[in-house]
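Grab a pencil and work through a few short exercises. Each one sets a task and then walks through the solution step by step.

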Amino acid sequence: MGQLFGTDGVRGLANRDVTAELALDLAVAAAHVLGTRGEFEGHRPRAVVGRDSRASGEFLTAAIAAGLASAGVDVHNVGVLPTPAVAYLTATTGVDIGVVLSASHNPMPDNGIKFLARGGHKLDDDLEAQIEARIGEDWDRPTGGAVGRIRVDTGGAGDAYVQHLVGSIGTPLTGLRIAVDCANGAASEVGPVALREAGADVVVINASPDGRNINEKCGSTHPEQLQAFVVASGADLGVAFDGDADRCLAVDRSGTLVDGDQIMGVLAVALRDAGELAQDTLVATVMSNLGLKLAMESVGIRVLDTAVGDRYVLEAMRAGGYTLGGEQSGHIIMSKHATTGDGVLTALHLASRVAATGTPLHELAKLVERLPQTLVNVPGVDKNRTDDEALLAAVAAAEAKLGRTGRVLLRPSGTEPLVRVMVEAATQAEADDVAAGLADVVRERLAL
């Protein structure tokens, strides 16, 4: 068996790669691994299981619940709820395991399985490896009253999550009209409800999931529909979630997209002004636009870089005690209120900043002036030799030419013989020119 866990759980084509049999086996193994850590001592083990709106989530949830219950774990099946809602419930209800069935922003035929430890945090690499290693092992099965029970939620879990979200903002959204694109996903109900309970006038699109239409030309991966809807509906701003609602992108009232970097800039200043931005530091990945870093520098906020991936952002935040971090894609983590990226939470706090300042979103977002960016994929090269001396010299020369308002990033692909050359510069023409030149050097120096 190859490695099952990727950077965000187990993910693949549902009923081919991610099967009911695999889900059941993973659930049993997860119960055994977490049990050996002492998390079940002194009480009967419990789990929260939730999913996004994909049709395949129905049979995968049944398999996960069956596996956990067969290992003696009581299961609370909360149905369709965002990933961050399951994380919140895992953290606040004292359960031992959280499980989310979702492939996030992926197309509908995919699905995934993500485990959360007590406290609502993702499992580290070592625990995932232990779970994978114990799949299919012989074990002593409980019988009689020792088997787990499965309880289906009747709405209380979603209500608790909404109240948590609404209670996290300081300024209500009264007077704001907000357009919401729910991606026909997990936030189709709780997203609009939370914004309405916070006081906003909410208009909604893509909130009618049928098991097949999740992420289909909508949501944060396809914001064009929301951009047009914001203008047509006369909204003050719009927000778009992805399938499991751990991402949020925004749209200002003119229909212009406001990406994760700009949202992070707005929220960082808001938290700093409230005295809640720990160490005046924002955690972002190396792929965030240089414009974000320059903007934060101009207002006295430090940006700490991490590798690409929200798990690396979260690891850095936990290690340093930081309170805000995220990615350009809209994965934004506010650690005072959540253990993972939370799209609805982000939307509420962004809108609350608009309401508190009386400043339109497009004015707030101007703080982060995105520098032109060019990305060139160079295939057919040895991605393991990006430390080639001549290549590094070319990169250094390019960065010297670009100066303070430019940068170069080389990233080997994780799965292909390919190197990505990313260049940011003061003008698009300069970014294009430098990227093309460095791509030529990569082809010459790293040719297979």
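Before we start, here's a handy rule: the expected span of a helix is 1.5 Å times one less than its number of residues. Helices (H or I, at least four residues) and strands (E, at least two) are DSSP runs, numbered from the N terminus. What you're looking at is a predicted model, where local features need pLDDT of at least 70, side-chain atom pairs count only at pLDDT 80 or more, and totals for chains, interfaces and linings use all residues. Residues are numbered from 1 along each chain as its sequence is written, and side-chain values use heavy atoms, with hydrogens and water left out.

**Exercise 1: a helix with two sides**

Compare the reach of helix α14 with its expected span, then find its buried residues and what they pack against.

Step 1. Helix α14 covers residues 428-445, which is 18 residues. From its first C-alpha to its last it reaches 26 Å, close to the 26 Å expected at 1.5 Å a residue.

Step 2. Now look for burial (buried means under 20% relative accessible area, exposed over 50%, partly exposed in between, with a 1.4 Å probe and protein chains only). In α14 the buried residues are Ala431, Val434, Ala435, Leu438, Ala439, Val441 and Val442. They cover an arc of only 160° around the axis, which puts them on the same side of α14. The arc is taken from the directions that run from the helix axis to the C-beta atoms.

Step 3. Turn to the other side of α14, and you'll find Ala429 and Glu444 exposed.

Step 4. Go back to the buried residues of α14: they pack against β17 (373-379), α13 (389-402), β18 (407-412) and β19 (418-424). Contact here means heavy atoms within 4.5 Å.

**Exercise 2: another helix and its sheet**

Work out which residues of α7 are buried, then trace the sheet that contains β8, β9, β10 and β11.

Step 1. Helix α7 spans residues 224-233, and Leu226, Val230 and Ser233 are buried in it. Seen down the axis of α7, the buried residues fall within an arc of 85°, so they line one face of the helix.

Step 2. Those buried residues of α7 pack against β8 (177-181), β9 (201-205), β10 (237-241) and β11 (248-252).

Step 3. Follow the sheet across: 5 strands form an open sheet, in the order β9-β8-β10-β11-β12, with mixed pairing. Two strands pair if DSSP finds at least two bridges between them. The edge strands are β9 and β12 (257-258), and each pairs on one side only.

Step 4. Zoom in on β11 and β12, which pair in the antiparallel sense over 2 bridges. Ala250 stands opposite Val258 in β12.

Step 5. Check the backbone around here too. Just after α7, Gly234 takes a positive phi of about 70°. In the loop between β9 and α7 sits Lys217, which has a positive phi of about 55° although it is not a glycine. Lys217 is exposed, with a relative accessible area of 66%.

**Exercise 3: strand, helix, strand**

Describe how β13 and β14 are joined, and which unit they make with α9.

Step 1. Strand β13 (residues 281-285) and strand β14 (residues 302-306) run parallel, joined by 5 bridges. Leu282 stands opposite Val303 in β14.

Step 2. Add helix α9 (residues 290-298): β13, α9 and β14 make a right-handed β-α-β unit. Right-handed means that, with the strands pointing away from the viewer, the path from the first strand over the helix to the second runs clockwise.

Step 3. Pick out Thr285 in strand β13. At 2% relative accessibility, Thr285 counts as buried. Not counting residues up to four places away in sequence, Thr285 touches residues including Asp305, Thr306, Val313 and Glu327.

**Exercise 4: two rings**

Find the aromatic pair in the structure and say which helices hold its rings.

Step 1. Rings of Phe, Tyr and Trp (its six-membered ring) pair if their centres lie within 6.5 Å; planes under 30 degrees apart count as stacked, over 60 as edge-to-face and the rest as tilted. The structure holds 1 aromatic pair. Tyr88 and Tyr161 form this tilted pair, at 6.3 Å centre to centre and with 50° between the planes.

Step 2. Tyr88 lies in helix α3 (residues 83-92) and Tyr161 in helix α5 (residues 156-167), so the pair ties together parts that are 73 residues apart in sequence.

Step 3. Finally, check burial: Tyr161 counts as buried, at 0% relative accessibility.
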